[in-house]
Amino acid sequence: MMLAGGKTFLAINVIQPQLGQSARGMATLKAISMRLKSVKNIQKITQSMKMVSAAKYSRAERDLRKARGFGEGAKSFYERAEVSAPEKGESNKLIVAITSDRGLCGAVHTSVAKFIRAELGTDATNTQVVCVGDKSRNILQRMYGKNIAVVANEVGRKPPTFLDASKVALETAKQDFSVGKIVYNKFKSVVSYKTTELPLFSAAAVESAPKLNVYDSLDSEVIKSYMEFSLASLLFYTMKESACSEQSSRMTAMDNASKNAGEMIDKLTLTFNRTRQAVITRELIEIISGSAALE
């Protein structure tokens with residue numbers, strides 16, 4: 001293309017690819033901006049969940065102190081009466097998994113499922129599992145679906161009550177077992193818990209306890225009634241322990257997630273500023289180059 005003065009204008013051929021680079025730079029800026037906005041929204045959610053979990057944890061810890069009497073009282077009866085498991089030949093086992101329906105709380109539910117999978121891995125033939133909460137059911141049903149006898153859902157949305165424990169105890173008592181255990185997370189501190197088990201015994205094992213005569217007037221009907229109450233008490237206690245562990249773990253997990261989001265926001269902000277500076281510099285170079293070509 002010829003211009004006045006006999007000069008050849010080649011600016012079109014030079015500027016066009018640079019405009020393409022500028023467009024790519026703007027597209028990159030838009031992608032970084034969208035990513036940055038998304039991470040900031042996630043950080044707001046995790047911070048809100050941390051605050052909610054902190055409030056729920058405080059209540060769960062208070063409730064746990066009151067519920068420990070139920071568990072300690074039931075355990076002391078079995079210890080003083082020296083109730084023991086029957087011989088290995090009578091191995092109808094029952095395992096109660098204490099979890100909930102909610103996630104985003106670290107490895108609280110996974111640790112319970114792993115504990116039970118280790119038990120089922122040795123001999124799962126005569127073992128039945130009662131899953132309290134959908135999380136344990138979802139993990140165990142892949143390999144041990146046939147061993148799951150009862151599933152209690154809608155757990156974890158509200159603090160567990162003795163009525164909830166009684167419903168689970170009623171279904172648990174219907175299972176035919178000679179020895180069993182409750183697997184749950186025992187609360188230790190705000191940043192730690194331990195996956196623990198509590199033994200469960202059948203009425204026949206209690207009636208054959210060597211030191212049962214320490215307690216007066218214990219006929220079969222009284223023992224049966226007490227077994228129902230002690231089972232509900234142990235479940236209530238373990239559900240409170242697990243709920244407190246879950247809330248503390250969720251609070252810690254959301255705190256870590258908020259910190260990670262903050263670090264990502266800093267990195268994305270730095271990348272966004274550098275990319276924007278590069279785009280501005282490139283545009284200035286294009287303007288100067290175009291002006292020089294027109295001279």
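This section describes the pockets, aromatic pairs, nonpolar cores and selected backbone angles of a predicted model.

The largest pocket has a volume of about 560 Å³. Its lining consists of 30 residues, and those closest to the pocket centre are Val155, Gly156, Lys158, Pro159 and Pro160. Two or more lining residues are contributed by each of helix 1 (11–81), strand 3 (148–152), helix 4 (162–173) and helix 6 (220–294). Helix 6 supplies the largest share, with 6 residues. Sorted by class, the lining of this pocket comprises 12 charged, 11 nonpolar and 7 polar residues.

For the second largest pocket, the computed volume is about 260 Å³. This pocket is lined by 13 residues; Ala173, Phe177, Ala203, Met227 and Glu228 are the ones nearest its centre. Strand 5 (192–201) and helix 6 are the elements that each give two or more residues to this lining. Here too helix 6 provides the largest share, in this case 5 residues. The lining of the second largest pocket divides into 8 nonpolar, 3 polar and 2 charged residues.

A polar position in helix 6 was also examined. Ser258 belongs to this helix and has a relative accessible area of 8%. Because this value is under the 20% cut-off, Ser258 is classed as buried. When neighbours within four places in sequence are left aside, the contacts of Ser258 are with Gln43, Thr46 and Gln47.

Aromatic pairs number 9 in the structure. One of them joins Phe70 and Phe236 in an edge-to-face arrangement, with 5.4 Å from centre to centre and 85° between the planes. Phe70 is located in helix 1 and Phe236 in helix 6, so this pair ties together parts of the chain that lie 166 residues apart in sequence. The two partners fall in separate accessibility classes: Phe70 is partly exposed, at a relative accessible area of 34%, whereas Phe236 is buried, at 10%. A further pair is formed by Tyr78 and Phe201, whose ring centres are 5.3 Å apart; the planes meet at 50°, so this pair is tilted. Tyr78 lies in helix 1 and Phe201 in strand 5, and the pair thereby links distant parts of the chain, 123 residues apart. Tyr78 and Phe201 are both buried. Phe70 and Phe236 also belong to one aromatic cluster, together with Phe162 and Phe229.

Nonpolar side chains tend to be buried together in soluble globular proteins. In the present model, the largest nonpolar core contains 36 residues, of which Tyr78, Val83, Val96, Ile98, Ile182, Val206 and Leu235 touch the most other members. Helix 6 gives the largest share of this core, 9 residues. Another core lies apart from the largest one and has 13 residues, including Ile116, Leu120, Ile139 and Leu140. Tyr78, one of the core residues that touch the most other members, is also a partner in the tilted pair with Phe201. For Val96, contacts were listed without neighbours within four places in sequence; they are Val130, Val132, Thr172, Lys181, Ile182, Val183, Leu200 and Leu235. Ile182 and Leu235, which are among these contacts, are likewise listed with Val96 among the members of the largest core that touch the most others.

The backbone angles were considered last. Most residues other than glycine have a negative phi. Leu104 has a positive phi, near 55°. This residue is placed in the loop between strand 1 (93–98) and helix 2 (108–122). With a relative accessible area of 57%, Leu104 is over the 50% cut-off and therefore counts as exposed. Glu154 likewise has a positive phi, near 60°, and is situated in the loop between strand 3 and helix 4. Its relative accessible area is 56%, so Glu154 is also exposed. Strand 3 and helix 4, which flank the loop of Glu154, are among the elements that give two or more residues to the lining of the largest pocket.

Notes
Residues are numbered from 1 along each chain as its sequence is written. This is a predicted model: local features need pLDDT of at least 70, side-chain atom pairs count only at pLDDT 80 or more; totals for chains, interfaces and linings use all residues. Side-chain values use heavy atoms; hydrogens and water are left out. On a 1 Å grid over the protein atoms alone, a cavity is a set of points where a 1.4 Å probe fits but cannot get out, and a pocket is an open set with protein on both sides within 12 Å along at least five of seven lines; lining residues have an atom within 4 Å of a point. Grid points are joined across faces, edges and corners, and a volume is the space filled by probe spheres set on the points. Helices (H or I, at least four residues) and strands (E, at least two) are DSSP runs, numbered from the N terminus. Ala, Val, Leu, Ile, Met, Phe, Trp, Tyr, Cys and Pro count as nonpolar, Asp, Glu, Lys and Arg as charged, and the others, Gly among them, as polar. Buried means under 20% relative accessible area, exposed over 50%, partly exposed in between (1.4 Å probe, protein chains only). Contact means heavy atoms within 4.5 Å. Rings of Phe, Tyr and Trp (its six-membered ring) pair if their centres lie within 6.5 Å; planes under 30 degrees apart count as stacked, over 60 as edge-to-face and the rest as tilted. A nonpolar core is a set of buried Ala, Val, Leu, Ile, Met, Phe, Trp, Tyr and Cys residues joined through side-chain atoms within 4.5 Å.
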